[in-house]
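Reader: I should like to learn how the features of a protein model are read. Might we go through them in turn?

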Amino acid sequence: QVQLVESGGGLVQAGGSLRLSCAASGSIFNINAMGWYRQAPGKQRELVATITSGGSPNYADSVKGRFTISRDNAKNTVYLQMNSLKPEDTAVYYCNVGVVIPKKGYVEVWGQGTLVTVSS
């Protein structure tokens with residue numbers, strides 16, 4: 001069983017910053033890509049940013065230059081530093097991790113989500 005624990009969401013004014021964290025725990029052989037997705041009210045879930053096991057990031061165009069994804073492999077943790085936040089960034093942010101676990105092999109795991117609200 002793999003668990004993802006997210007933290008760092010909250011309410012912030014436009015132009016402000018927040019840092020999200022997502023820590024993976026459990027029986028894990030290896031962690032591959034890690035990423036963040038978000039879902040705004042009435043919209044589909046969308047990719048925000050991903051990072052490979054080697055540390056190569058990928059960003060949605062809407063967050064390039066404002067958000068930074070990073071990971072600490074020793075802590076099985078992925079971070080999302082969000083700067084210059086806009087009201088349109090308001091959403092529930094979900095962590096997604098690709099892991100290799102005993103007996104099942106590769107699986108994708110989702111976090112419970114953390115709410116980010118940006119006021120204008």
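Author: Let us begin with a sheet in this predicted model. Strands of a sheet pair through backbone hydrogen bonds, either parallel or antiparallel. Here, an open sheet is formed by four strands in the order 1-3-8-7, and their pairing is antiparallel.

Reader: Which strands stand at the edges of this sheet?

Author: They are strand 1 and strand 7. Each has a single partner strand, so one side of each is left without a neighbour in the sheet. On average, neighbouring strands of this sheet are turned by 15° against each other, with direction ignored.

Reader: Over how many bridges do strand 7 and strand 8 pair?

Author: The two strands pair over six bridges, in the antiparallel sense. To follow one residue across, take Arg-71: its bridge partner in strand 8 is Val-78.

Reader: I now turn to the disulfide. What is it in general, and which residues form it here?

Author: A disulfide is a covalent bond between the sulfur atoms of two cysteines. The count in this structure comes to one disulfide. Cys-22 and Cys-95 form it, with their sulfur atoms 2.1 Å apart. Cys-22 lies in strand 3 and Cys-95 in strand 9, so the pair ties together parts that are 73 residues apart in sequence.

Reader: Why is the disulfide of Cys-22 and Cys-95 described as left-handed? And are these two cysteines buried or exposed?

Author: The torsion about their S-S bond is about -80°, so the disulfide is left-handed. As to their surroundings, both Cys-22 and Cys-95 are buried.

Reader: Which residues touch the most other members of the largest nonpolar core?

Author: That core holds 32 residues, and those touching the most other members are Trp-36, Leu-80, Met-82 and Tyr-93. Several strands give two or more residues to this core, among them strand 1 (2-7), strand 3 (18-26), strand 5 (46-51) and strand 11 (114-119). Strand 9 provides the largest share, six residues.

Reader: With which residues is Leu-80 in contact, leaving aside its neighbours within four places in sequence?

Author: The contacts of Leu-80 include Trp-36 and Tyr-93. Among the others are Leu-18, Leu-20, Val-48, Phe-67 and Ile-69.

Reader: How many salt bridges does a search of the whole structure find?

Author: The search finds four salt bridges. To read one, note the two partners and the gap between their closest N and O atoms. For Asp-61 and Lys-64, that gap is 3.1 Å. At 64% relative accessibility, Asp-61 counts as exposed, whereas Lys-64, at 49%, counts as partly exposed.

Reader: Which residues are joined into one network by salt bridges that share partners?

Author: The network joins Arg-38, Glu-46, Arg-66 and Asp-89. Within it, Glu-46 forms a salt bridge with Arg-38, and their closest N and O atoms are 2.7 Å apart. Asp-89 also forms a salt bridge with Arg-38, at 3.0 Å between the closest N and O atoms. This second pair links distant parts of the chain, 51 residues apart: Asp-89 is in the loop between strand 8 (77-82) and strand 9 (91-101), and Arg-38 is in strand 4 (residues 30-39).

Reader: Why does Arg-38 count as buried, and what of its two partners?

Author: Buried means under 20% relative accessible area. Arg-38 has a relative accessibility of 6%, and therefore counts as buried. Asp-89, at 1%, likewise counts as buried. Glu-46, at 35%, counts as partly exposed.

Terms used: Residues numbered from 1 in each chain as written. Predicted model: local features only at pLDDT ≥ 70, side-chain atom pairs only at ≥ 80, totals over all residues. Heavy atoms only, no water. Salt bridge = Lys/Arg side-chain N within 4 Å of Asp/Glu carboxyl O. Buried < 20%, exposed > 50% of the residue type's maximum accessible area, 1.4 Å probe, protein only. Core = buried A, V, L, I, M, F, W, Y, C linked by side-chain atoms within 4.5 Å. Contact = heavy atoms within 4.5 Å. Pairing = 2+ DSSP bridges. Axes fitted to C-alpha atoms, helices over the stretch in contact; angles between N-to-C directions. Disulfide = S-S within 2.5 Å.
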